[in-house]
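Reader: Before we discuss particular contacts, I should like each term to be justified from its definition. Please show the structure and begin with the charged pairs.

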Amino acid sequence: QVQLVDSGGGLVQAGGSLRLSCVASRYILADNTVGWFRQAPGKQREGVATIGSAGGTNYVDSVKGRFTISRDNAKNTVYPQMNSLKPEDTAVYYCAACYNVYSGKYNCWGRGTQVTVSS
């Protein structure tokens, strides 16, 4: 069974930085697309960033220029680096994998890590 462990969240002041991480068990992140999502209180979950098997990345407009997603293949870990954080970035962040190209959905999820940005 695939396990994703996402971590690295915390409380940070606006303008600060955090680096999240997603470690996978029984699954090779380097061979697959990995996504990061977030869900703020009272809001729907939204996609934040993806990194493909070839290393290509995509970001939602609201984080472009501030977030960078990278991968350490030796550690089987994906890292979203979040800089210039804003209060509106406050959310629970989730790592996602096991992307199904037919359904367009991710079937494996981490438990989430809380990011809180104070103004």
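Author: A salt bridge is a side-chain nitrogen of Lys or Arg within 4 Å of a carboxyl oxygen of Asp or Glu. The model discussed here is predicted.

Reader: What makes the contact between R66 and D89 a salt bridge?

Author: The N to O distance between the side chains of R66 and D89 is 2.7 Å. The limit is 4 Å, so the pair R66 and D89 counts as a salt bridge.

Reader: Why is D89 called buried?

Author: Buried means under 20% relative accessible area. D89 has 1% relative accessibility and therefore counts as buried. R66, at 10%, is also buried.

Reader: Which parts does the pair R66 and D89 tie together?

Author: R66 lies in the loop between β7 and β8, and D89 in the loop between β9 and β10, so the pair links parts 23 residues apart in sequence.

Reader: How do you know that R38 and E46 belong to one network with R66 and D89?

Author: R38 forms a salt bridge with E46, with the closest N and O atoms 2.6 Å apart. D89 forms a salt bridge with R38, at 2.9 Å. Shared partners thus join R38, E46, R66 and D89 into one network.

Reader: Is E46 buried or partly exposed?

Author: Partly exposed lies between the limits of 20% and 50%. E46 has 30% relative accessibility, so E46 counts as partly exposed. R38, at 6%, is buried.

Technical notes: Residues are numbered from 1 along each chain as its sequence is written. This is a predicted model: local features need pLDDT of at least 70, side-chain atom pairs count only at pLDDT 80 or more; totals for chains, interfaces and linings use all residues. Side-chain values use heavy atoms; hydrogens and water are left out. Buried means under 20% relative accessible area, exposed over 50%, partly exposed in between (1.4 Å probe, protein chains only). Helices (H or I, at least four residues) and strands (E, at least two) are DSSP runs, numbered from the N terminus.
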